[in-house]
Structures are given as structure tokens and as C-alpha cells.
Amino acid sequence: MIEQNISQILSELPDGVQLVAAAKTRTPAEVLAVVSGGVKIIGENYVQEAERAYEVVGSRAKWHFIGHLQGNKAKKAVRLFDMIETVDSLKIAREIDKWCTQIGKVMPVLVEVNSGREKQKSGVLPEKAEELIREISGLKNIKVMGLMTMGPRLGNPEDARPYFVETRKMFERVKKLNLSNVQMKYLSMGMSNSYKVALEEGANIVRIGSKLFGERECGATAAAQGL
Ligand SMILES: *Cc1c(COP(=O)(O)O)cnc(C)c1O
């Protein structure tokens, strides 16, 4: 089942587009199954869940952090992850930079944009993104490599298009600024229901969970957070 899902999705992705398997609530065995099936990047929302999966999968995959990073988890996160896709404040950027400096690592990050301007969502507001990127560019052990957005969760994937378009425009604009220590290369947008629209609007990283692993069980997300 998982193998069919993987090959179907991979066959739909143009060259140069990276698939991130969004693994929240999945067991280490499920994560291992998608890696064995050919997925090269695992996206984790929770540091603890990532640690458990890493014990089984290790460096057979690259690890992207795609959740909301809390300052007290940054130390562990910088050791574990190859990219942090969800930097949305100078505060968390400084925390990542601090721990990376200690271990001599430069962390590639994406700046998460709250393209839907939703109150309860993480991500920097679109009008604040450029300023944040300029500030982060001064940190030596972080390298901004692009933007990530979720967009509002809407029933119809077509309704997500304006948010992807806006994020893409911002991506191009920041790229043209040629800021030092910033390399605008990745645009991470699109999930199971919206990745086709996101690809049309220029995404080169898509983060897919349920279409790869199967639907999540109700309540599983809360359980994964230890609630
Ligand atoms: C869960 C999640 C996804 C994938 O969602 P699906 O609808 O299961 O594909 C993508 N990105 C982030 C940040 C997520 O938390």
C-alpha cells in the first residue's frame, strides 16, 4: 500500500522537486517503510517523535523539522535535523544559531510565512518576512535557504492557490535582493490535498503525510503531543 502511494506520488513530481514525508503520529516502523520505499526526506513535527524514528532509520534519510520549534527543544533539534523549515522569529533563529555554534554546524533553514494571516497559526506575517530574513542573515551558523508556507486548510485545493502565489512572489523578491548568507533555493508548499496546485505555483519541496501513509487516526495528533 505504502509502496504504491510512494511510486504514484514520485511519478507525479517534476525533476528537482523534493518529497518530504510528513511523519507526525507515525510509528518508527512506518517511517522506515517509506524510507525503504524510496523516500529520502522525513519531516517531523515533534523532536521526541523524531528521536524515536531516528533510532530506527538513522542516516538513511535526511530529517527536516516542520513543526513549531520551542526554544527549549532547539539544542536537541540542531543535532538531529538537516533542515529546519519553520523559523518564524529572530528569537528562535538566535536559539538555533547559539546551539549550532557550540557544535560547529551551519543549519539550513526556511522561513515559515503565515500566508493566510491566520491568528492562531505560526509563521511570520508576509509583510514582516523580508525584515526577519535580513536579521537572520547576520547570524553565522544559520543559512536561510528559502520559504515554507502551510496556507489555510481549505476543502478545495484551488482555494489555496492565492496563498501559494503570494509566497512564490515573496520568494522571488527576496532572491533578487542577493542578501549575503541567504540563498533562496527552496520553496516548501503543498500537502496531500494541495501539492498539485503548489507545484503549479513553483513549489520545489512538497510535504505529504496522509496520501503517503494513509489517513491519520482521530486523536492521534493529540496523543503524539502527549496530551
Ligand atoms: C501534517 C503536515 C503536513 C502533511 O499533511 P497531510 O495533509 O497529511 O499531507 C505537511 N506539513 C506540515 C507542517 C504538517 O504538519
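## Pockets, strands and a buried arginine

The residues that line the largest pocket divide into 11 nonpolar, 14 polar and 9 charged. The model examined here is a predicted one.

### Open and closed spaces

The largest pocket holds about 900 Å³ of space. Its lining counts 34 residues. Lys24, Asn45, Tyr46, Gly67 and His68 are the ones nearest its centre. Three elements give two or more residues to this lining: H3, strand S8 (205–208) and helix H10 (220–224). Which element gives the most? Helix H3 does, with 3 residues.

The second largest pocket has a volume of about 160 Å³. Its lining is made by Leu10, Leu13, Val17, Gln18, Leu19, Gly38, Val39, Lys40 and Ile41.

There is also closed space. The search of the whole structure finds 1 cavity of 30 Å³ or more. About 40 Å³ of space lies in it. The residues around this cavity are Glu112, Val113, Asn114, Ser115, Gly116, Glu118, Lys121, Ser122, Thr149, Met150 and Gly151.

The table sets out the three linings by class.

| Space | Nonpolar | Polar | Charged |
|---|---|---|---|
| Largest pocket | 11 residues | 14 residues | 9 residues |
| Second largest pocket | 6 residues | 2 residues | 1 residue |
| Largest cavity | 2 residues | 6 residues | 3 residues |

### Helix H3: two sides

Helix H3 spans residues 47–57. Which of its residues are buried? They are Val47, Glu49, Ala50, Ala53 and Val57. Seen down the axis of H3, these buried residues fall within an arc of 150 degrees, so they line one face of the helix. The face turned away from the buried side carries Gln48 and Glu55, which are exposed. Just after H3 comes glycine 58, with a positive phi of about 60 degrees.

### Strands S3, S4 and S5

Strand S4 covers residues 83–87. How many of its residues are buried? The count is 5 of 5, so to speak of S4 as mostly covered is fair by the cut-off for buried, under 20% relative accessible area.

S4 pairs with two strands. Strand S3 (residues 62–65) runs parallel to S4, and 2 bridges join them. Here phenylalanine 65 has isoleucine 84 of S4 as its bridge partner. Strand S5 (residues 107–113) also runs parallel to S4, again with 2 bridges. Isoleucine 84 appears in this pairing too: its bridge partner in S5 is valine 109.

Helices link these strands. S3, helix H4 (residues 74–80) and S4 make a right-handed β-α-β unit. S4, helix H5 (residues 90–103) and S5 make a right-handed β-α-β unit as well.

### Strand S8 and arginine 207

Strand S8 runs parallel to S1, and 4 bridges join the two. In this pairing, alanine 21 stands opposite isoleucine 208 of S8.

In a regular strand, side chains alternate between the two faces of the sheet. In S8, both faces are covered. Ile205 and Arg207 are buried on one side, and Val206 and Ile208 are buried on the other.

Arginine 207 is found in S8. Why does arginine 207 count as buried? Its relative accessible area is 3%, and buried means under 20%. The C-alpha atom of arginine 207 is separated by 9.5 Å from that of isoleucine 41, although the two residues are 166 residues apart along the chain. Isoleucine 41 is also one of the residues that line the second largest pocket.

### Two loop residues with positive phi

Threonine 25 is not a glycine, yet it has a positive phi of about 70 degrees. Where is threonine 25 found? The answer is the loop between strand S1 (18–22) and helix H2 (28–36).

Arginine 117 is another residue other than glycine with a positive phi, near 50 degrees. Arginine 117 lies in the loop between S5 and helix H6 (126–136). Is arginine 117 buried, exposed or partly exposed? Its relative accessibility is 43%, so it counts as partly exposed, the class between under 20% and over 50%.

Key
Residues are numbered from 1 along each chain as its sequence is written. This is a predicted model: local features need pLDDT of at least 70, side-chain atom pairs count only at pLDDT 80 or more; totals for chains, interfaces and linings use all residues. Side-chain values use heavy atoms; hydrogens and water are left out. On a 1 Å grid over the protein atoms alone, a cavity is a set of points where a 1.4 Å probe fits but cannot get out, and a pocket is an open set with protein on both sides within 12 Å along at least five of seven lines; lining residues have an atom within 4 Å of a point. Grid points are joined across faces, edges and corners, and a volume is the space filled by probe spheres set on the points. Ala, Val, Leu, Ile, Met, Phe, Trp, Tyr, Cys and Pro count as nonpolar, Asp, Glu, Lys and Arg as charged, and the others, Gly among them, as polar. Buried means under 20% relative accessible area, exposed over 50%, partly exposed in between (1.4 Å probe, protein chains only). The arc is that of the directions from the helix axis to the C-beta atoms. Two strands pair if DSSP finds at least two bridges between them. A crossover is right-handed if, with the strands pointing away from the viewer, the path from the first strand over the helix to the second runs clockwise.
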